[in-house]
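Open your viewer and get ready to select residues by number. We will go stop by stop.

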Amino acid sequence: MATGVLQRVASGLKHTRNGLRASGQVTVALRSVSGFREDSWFKSLFVRKVDPRKDAHSHLLAKKEDNNLYKIQFHNVKPECLDAYNELCEDVLPSIHADPEYPCELVGTWNTWYGEQDQAVHLWRYRGGYPALTEVMNKLRQNKVFMNYRDERGKMLLSRRNQLLLEFSFWNEPVPRPGPNIYELRSYQLRPGTMIEWGNYWARAIEIRQQNQEAVGGFFSQIGRLYTVHHLWAYKDLQSREDTRNAAWQRDGWDEVVYYTVPLIQNMESRIMIPMKTSPMK
């Protein structure tokens, strides 16, 4: 019985195949498959190829000649406590910066003027990388002045967050600046996997944006919110910022950098910041 069923199924398939050939449907189907393959091959020519990487982007993009690690802190302060918070920071943070027992430097400390309001931003540099960071943390736990500062600070804050950063090899190291200046911190959240592309384009772009010495530092995150890039700029005032940014569009290559890097960005944010009184960057 089973043999009879199989014979009938085979016979039915044979008749179906013959009928399709007679009607030309198989030819149409084959052409359709062929067209699909050709179309896929054609489209593949325009798919962006990403070369496999055999090293971490921190090794490919960071400076090789030093071992600096940066920490950026964002403190959202209760509005009624902002003046007291600034005074507290101005009393304590410069003493840590000046003490040779701590292998760290306060690069800059600011209040946000435009952007998130009632916010303080601190940027620290640790010469010696993660071991230096660990050493500073351990010593600060034994520092009564700092521990009192931290307790008082906690009463004034709504929230805080930080990131550990490395600096791009093609940016200058941030150094103290005479003032008065305003500072712009432009933060970019990139699509995962695009940091190398970003670095390749900005390695050329930074030459365009150095004309007025406005470039202060460029960093990318290692711990905290990942695939974040921070560019720090200095200007005399808001009009100077506007003039400098507009002038960049008159230089060869800037439009191309913008065109190719915008698709890499998921979101971006700009802060205009004013230095605190004791900030090394004025």
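This tour visits the hollow spaces first, then the aromatic rings, then a few charged residues. Keep in mind that this is a predicted model.

**Stop 1: the cavity**

Select Ile72, Trp110, Val121, Leu123, Leu185, Phe219, Leu232 and Met273. Together they line the largest cavity. The space inside is about 40 Å³. The structure holds one cavity of 30 Å³ or more. Which classes of residue make up the lining of this cavity? Eight residues are nonpolar, with no polar and no charged ones.

**Stop 2: the largest pocket**

Now select Lys71, Gln73, Met137, Leu140 and Phe146. Among the 25 residues that line the largest pocket, these five lie nearest its centre. About 500 Å³ of space lies here.

Next, colour the elements around the pocket. Pick strands E1 (68-77), E3 (119-127) and E4 (157-167). Add helices H4 (82-98), H5 (129-141) and H6 (144-156). Each of these six elements gives the lining at least two residues. Sort the lining by class and you get 14 nonpolar, five polar and six charged residues.

**Stop 3: the second largest pocket**

Move on to Arg186, Tyr188, Arg245, Trp254 and Val258. They lie nearest the centre of the second largest pocket, which has 16 lining residues. Its space is about 280 Å³.

Which elements supply at least two residues each to this lining? Select strand E5 (182-190), helix H7 (195-208), helix H8 (238-248), helix H9 (254-261) and strand E8 (265-275). Helix H9 gives the largest share, four residues. By class, the lining has 11 nonpolar, two polar and three charged residues.

**Stop 4: aromatic pairs**

Time to look at rings. The structure holds 15 aromatic pairs. Start with Phe146 and Tyr149. Their ring centres are 5.5 Å apart and their planes meet at 40 degrees, so the pair is tilted. The cut-offs explain the label: under 30 degrees would be stacked, and over 60 would be edge-to-face.

Both residues sit in helix H6. They are three residues apart, which means about one helical turn separates them. Are these residues buried or exposed? Phe146 is buried, with a relative accessible area of 13%. Tyr149 is buried too, at 3%. You have met Phe146 before, as one of the residues nearest the centre of the largest pocket.

Now select Trp202 and Trp254. This aromatic pair is edge-to-face, with 5.7 Å from centre to centre and 80 degrees between the planes. The pair links distant parts of the chain. Trp202 belongs to helix H7 and Trp254 to helix H9, 52 residues apart. Check their burial next. Trp202 has a relative accessible area of 5%, so Trp202 is buried. Trp254 has 7% and also counts as buried.

Widen the selection to Trp171, Tyr188, Trp198, Trp202, Trp233, Trp249 and Trp254. Ring pairs link these residues into a cluster. Two of the names should be familiar: Tyr188 and Trp254 also lie nearest the centre of the second largest pocket.

**Stop 5: charges over rings**

Select Arg161 and Phe74 together. The charged end of Arg161 sits over the ring of Phe74, 4.3 Å from the ring centre. Then go to Arg209 and Trp233. Arg209 lies over the face of Trp233, at 4.1 Å from the ring centre. Trp233 is also part of the ring cluster from the previous stop.

**Stop 6: Arg125 and its partners**

Find Arg125 in strand E3. Is this residue buried or exposed? Arg125 is buried, with a relative accessible area of 5%. What does its side chain contact? Show Glu105: a polar contact of 2.7 Å joins the side chains of Arg125 and Glu105. Show Pro174 as well: the side chain of Arg125 reaches the backbone oxygen of Pro174 at 3.1 Å.

**Stop 7: Asp83**

The last stop is in helix H4, where you will find Asp83. At 58% relative accessibility, Asp83 counts as exposed. Add Asp118 to the selection. Along the chain, Asp83 and Asp118 are 35 residues apart. Their C-alpha atoms are separated by 9.8 Å.

Methods
Residues are numbered from 1 along each chain as its sequence is written. This is a predicted model: local features need pLDDT of at least 70, side-chain atom pairs count only at pLDDT 80 or more; totals for chains, interfaces and linings use all residues. Side-chain values use heavy atoms; hydrogens and water are left out. On a 1 Å grid over the protein atoms alone, a cavity is a set of points where a 1.4 Å probe fits but cannot get out, and a pocket is an open set with protein on both sides within 12 Å along at least five of seven lines; lining residues have an atom within 4 Å of a point. Grid points are joined across faces, edges and corners, and a volume is the space filled by probe spheres set on the points. Ala, Val, Leu, Ile, Met, Phe, Trp, Tyr, Cys and Pro count as nonpolar, Asp, Glu, Lys and Arg as charged, and the others, Gly among them, as polar. Rings of Phe, Tyr and Trp (its six-membered ring) pair if their centres lie within 6.5 Å; planes under 30 degrees apart count as stacked, over 60 as edge-to-face and the rest as tilted. Buried means under 20% relative accessible area, exposed over 50%, partly exposed in between (1.4 Å probe, protein chains only). A charge sits over a ring if NZ of Lys or CZ of Arg is within 6 Å of the ring centre and within 35 degrees of the ring normal. A polar contact is a pair of N or O atoms within 3.5 Å; within protein, one must be able to donate a hydrogen and the other to accept it, and residues adjacent in sequence count only if both atoms are side-chain atoms.
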